[in-house]
Amino acid sequence: MTGILSIFSDVRTLVLFILTFTLIIAVHELGHFVSARLLGMKVLEFAFGFPPRAFGIRRGETEYTLNWIPFGGFVRILGQDDFAIRQQGTGDPRSFTAQPWWAQAIVLAAGVFMNFVLALVVLTAAFATGTTAPTGDVRIVEVSPGSPASAVGIQPGDLVKSVNGNPIHTARAMVNITTKSGETGKEITIDLERNGRPVPQIRATPRADPPPGEGALGAKLEEVQAPVAVAVPEAFGQAVSLTGEVVGQIAELPAQLLSRPGGTGSGAPTVGGPIEIFRVTGQIAQFGIPTFLKLIGVLSVNLGVINIIPFPGLDGGRLFFVLVGGIFRRRLSPQVEAAVHAVGFVLLIALLVVVSISDIRRAVGG
């Protein structure tokens with residue numbers, strides 16, 4: 001129990017976590033709200049958080065409320081998600097169900113659209129202001145005692161500039177050269193920089209059969225990371241590219257999970273829920289605002305993609321019913337639709353519980 005409670009002991013992370021999700025979901029709901037108003041629908045409530053209600057302010061026909069559960073929010077449109085026998089707003093030309101199917105579809109999809117808009121905006125800002133990225137320098141982190149690197153005086157903190165005259169910009173490039181030289185027994189030349197100054201060229205002979213974990217040269221490497229800023233057009237292009245990568249990864253996730261033999265496998269992706277996101281939020285926040293903006297963008301894309309899936313209880317599920325009604329020129333029974341959404345909602349809650357249990361076990365080392 002102590003381990004579980006310690007997950008939430010960081011108040012700063014908890015505040016960032018709540019603010020992050022409030023922003024992402026508020027922007028999502030803003031899409032529903034604005035599109036509904038533009039299409040002439042009557043919006044009854046725009047809520048931040050979930051009931052019980054703390055207080056509310058009425059402006060015109062819409063009530064703006066703040067609720068005690070500070071997680072998410074919702075927009076209540078006249079006639080939407082009303083599955084009673086006698087539906088509210090029946091006969092009112094401004095109710096959700098009185099609108100043509102395409103208008104209903106726009107309102108349902110607008111939340112997802114806004115999530116992608118938010119993602120592109122914050123990701124562009126992140127790349128333009130400077131996110132952590134490789135600088136092209138490779139640094140010596142550790143030198144194993146008795147190794148070829150130790151014998152020729154290589155020290156932790158040295159920057160590798162070139163090997164055998166070849167510029168080195170990635171750790172993999174140096175590993176490839178030293179490994180091949182170790183296999184053939186050939187000597188290599190290394191140009192280093194120490195404390196900002198060049199070091200006289202070093203000659204070393206990598207090992208063919210090094211101890212486990214040491215490598216042929218016996219030097220542990222890392223690629224230097226630093227904030228790298230780019231122009232806004234290039235930043236926008238990188239934002240679009242990252243958004244596409246996230247969408248692709250989510251699309252591949254079901255197949256990756258199903259391909260796990262017996263439900264296990266080291267190559268399987270980790271599926272995280274709110275608790276795992278909470279942990280990641282605390283870790284990412286330590287790397288500065290640009291990196292934290294990237295987290296917001298990625299989470300916003302995730303919410304958008306998941307919400308558009310045609311699963312009951314999600315916007316995509318509701319959109320599916322609207323499109324079916326538009327194709328057949330007839331709305332399905334509200335009561336049948338309500339039952340389907342109720343089952344979907346229960347399944348979503350069950351999935352959330354399972355994922356959260358997995359998050360807790362991972363967080364406490366179980």
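**Notebook: patch, pocket and backbone checks**

I began with Ile 349, which counts as partly exposed because its relative accessibility is 39%, between the 20% and 50% cut-offs. I placed Ile 349 in helix H10, residues 334-363. I then looked up its surroundings on the surface: Ile 349 belongs to a nonpolar patch of about 440 Å², made together with Phe 345, Leu 352, Val 353 and Ile 357. I note here that the model is predicted.

**Whole protein**

I listed the secondary structure as 10 helices and 8 strands. Of the 366 residues, 39% are buried. I looked up the contacts with a separation of 6 or more, and 65% of them are between residues 24 or more positions apart. For the surface I have about 20000 Å² exposed, with 64% supplied by carbon and sulfur atoms.

**Second largest pocket**

I noted a volume of about 330 Å³ for the second largest pocket. Its lining has 20 residues, and those nearest the centre are Thr 97, Gln 104, Phe 321, Val 322 and Arg 331. Which helix gives the largest share of the lining? I found H9, with 5 residues. Helix H3 (101-129) and helix H9 (315-328) each supply at least two lining residues.

**After H9**

I went on to Arg 329, in the loop between H9 and H10. Its phi is positive, near 60°, in a residue other than glycine. Is Arg 329 buried or exposed? I entered Arg 329 as exposed, because its relative accessibility is 74% and the cut-off for exposed is over 50%.

**Another positive phi**

I also looked up Asn 164, which is not a glycine but has a positive phi of about 55°. Asn 164 is in the loop between strand S4 (159-163) and strand S5 (166-167). I entered Asn 164 as partly exposed, because its relative accessible area is 38%.

**Cis peptide**

I checked the bond joining Pro 51 and Pro 52 and recorded a cis peptide, with omega about 15°. Pro 52 is in strand S1, residues 43-59.

**Ser 144**

I located Ser 144 in the loop between strand S3 (131-143) and helix H4 (148-151). Ser 144 counts as buried because its relative accessible area is 11%, and the cut-off for buried is under 20%. What does Ser 144 touch, not counting residues up to four places away in sequence? I wrote down Ser 150, Glu 214 and Gly 218.

Terms used:
Residues are numbered from 1 along each chain as its sequence is written. This is a predicted model: local features need pLDDT of at least 70, side-chain atom pairs count only at pLDDT 80 or more; totals for chains, interfaces and linings use all residues. Side-chain values use heavy atoms; hydrogens and water are left out. Helices (H or I, at least four residues) and strands (E, at least two) are DSSP runs, numbered from the N terminus. Buried means under 20% relative accessible area, exposed over 50%, partly exposed in between (1.4 Å probe, protein chains only). Contact means heavy atoms within 4.5 Å. Accessible areas come from the Shrake-Rupley method with a 1.4 Å probe; for residues, only the protein chains shown count as cover. Patches are made of residues with over 30% relative accessible area and no salt bridge: like charges are joined within 9 Å, nonpolar side chains (Val, Leu, Ile, Met, Phe, Trp, Tyr) within 5 Å. A salt bridge is a side-chain nitrogen of Lys or Arg within 4 Å of a carboxyl oxygen of Asp or Glu. On a 1 Å grid over the protein atoms alone, a cavity is a set of points where a 1.4 Å probe fits but cannot get out, and a pocket is an open set with protein on both sides within 12 Å along at least five of seven lines; lining residues have an atom within 4 Å of a point. Grid points are joined across faces, edges and corners, and a volume is the space filled by probe spheres set on the points.
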